[in-house]
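Reader: I should like to work through a structure with you. Could we begin with its strands and then turn to its ligand?

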Amino acid sequence: MTAQHERVVIIGSGPAAWTAAIYAARADLSPLVVEGAGSRTMIPGGQLMFTTEVENYPGFPKGVTGPEMMDAFRAQAVRFDTRVITDDIVEVELVGQPKRLVTGRGEELLTDSVIVATGANARWLGVPNEERLAQSGGGVSACAVCDGALPWFRGQVVAVVGGGDSAIEDATYMAKFAGRVLVIHRRDQLRASAIMQQRAFDNEKIEFLWNKVVTEVVGDDVITGLRLRDTVTGEESTLEAGGMFVAIGHTPNTGFLSGQVALKPNGYIELPTPWRTDTSVPGVFAAGDVMDDHYRQAVSAAGTGCMAALDAERWLAHGGPAENGAS
Ligand code: NAP
């Protein structure tokens, strides 16, 4: 059977992907979204599926849960004639025309253009109870800006794990709400920039636990503490804590591109032209956290999803595929 030839395929299912789909659908491009098959650490809907209350997305004055928000984004895209495949893309041929994509079930897709919006996964420690309490909203999170202002954390002892800029930024942010913030770092020196370090050292609510790793999160419905191991002495200890923010970096989901799209040295997709979502490959556009190592917010991801759909639409309308070798 010959594969249907699409105008645009959008890979991903977070705010960038669904916003791109809404714009592409309303431009009569009948987009196909490949939303991901889901795995232990990532489910269709992206990182917001691991967030409880979203309170900083404009238009939701009472807040909204991450999963509810992604359901609404998806429903809006589907309402405007977006088709959805619940699978991963596992193989790509992106250079030239048409572009060829293969799903995990072996289905072949041919398309004039592709929008990559596969996001980035926050890295987790991989210790017992961490994932369960993150998914249930039990006080474990990888995004202080998303979850830190929730009433639950006010006045609590909160742990922040990591020693980079994100950890120090999160610790400083959490010091506004928490009673005490404990930064748990596996070495005795921070990786964060000097100015951010100094700001944290000057903040009397922030304390540092050096040479410590978390070996277990303690708690049934909500976190009540952490088990720690000293990386120098090997000594084990237990700490009471009412929250844990993991800030040990993100990994952009670019592996399936198998080197066909240029990446920045840190692994995020490179966008050669400022304020455009074109990648190094004509007809391939990128939106959201897979290319954004700086803002990483749902609202900025949605904004770049809109940009990618408009860029793809213009590229298609101005003969992009023909110029790129389509017969
Ligand atoms: P990062 O710089 O890679 O730092 C990750 C931190 O987590 C490191 O301190 C690392 O320890 C620790 N870590 C990694 N894996 C761990 C594990 N399994 N267990 C315990 N600790 C672990 O990541 P980031 O802080 O997210 O920053 C990413 C980039 O964004 C950086 O370029 C950063 O400068 C930038 N950024 C900038 C700002 C800002 O300027 N406002 C804010 C946030 C991020 P080691 O140090 O021992 O490797």
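Author: The discussion below takes one sheet and then the ligand site. Please note that this is a predicted model.

Reader: How are the strands of the sheet ordered, and is the pairing parallel or antiparallel?

Author: In general, strands of a sheet pair through backbone hydrogen bonds, in either a parallel or an antiparallel sense. Here three strands make an open sheet in the order 14-15-16, with antiparallel pairing. Strand 14 (212-218) and strand 16 (236-240) are the edge strands, each pairing on one side only. From one strand to the next, the twist averages 30 degrees.

Reader: How many bridges join strand 14 and strand 15?

Author: Six bridges join strand 14 to strand 15 (residues 225-230), in the antiparallel sense. Val218 stands opposite Gly225 of strand 15.

Reader: Which residues come nearest to the ligand?

Author: There are 15 residues around the ligand, of which Asp165, Ser166, Glu169, Arg187 and Arg191 come nearest. By class, this shell holds four nonpolar, six polar and five charged residues. Helix 5 (residues 165-174) contributes the most to the shell, with three residues.

Reader: Which atoms of the ligand do the side chains of Asp165, Glu169 and Arg187 approach?

Author: A polar side-chain atom of Asp165 lies 2.5 Å from a ligand oxygen atom, and one of Glu169 lies 2.9 Å from a ligand nitrogen atom. For Arg187, an N or O atom of the side chain is 2.7 Å from an oxygen atom of the ligand. The ligand on its own has 910 Å² of accessible area, and the protein covers 67% of that area.

Definitions and conventions: Residues numbered from 1 in each chain as written. Predicted model: local features only at pLDDT ≥ 70, side-chain atom pairs only at ≥ 80, totals over all residues. Heavy atoms only, no water. Pairing = 2+ DSSP bridges. Helix = DSSP H or I, 4+ residues; strand = E, 2+ residues; numbered from the N terminus. Axes fitted to C-alpha atoms, helices over the stretch in contact; angles between N-to-C directions. Near = heavy atom within 4 Å. Polar contact = N/O pair within 3.5 Å; in protein donor to acceptor, adjacent residues only side chain to side chain. Areas by Shrake-Rupley, 256 points an atom, 1.4 Å probe, with all protein chains shown as cover. Nonpolar A, V, L, I, M, F, W, Y, C, P; charged D, E, K, R; others polar.
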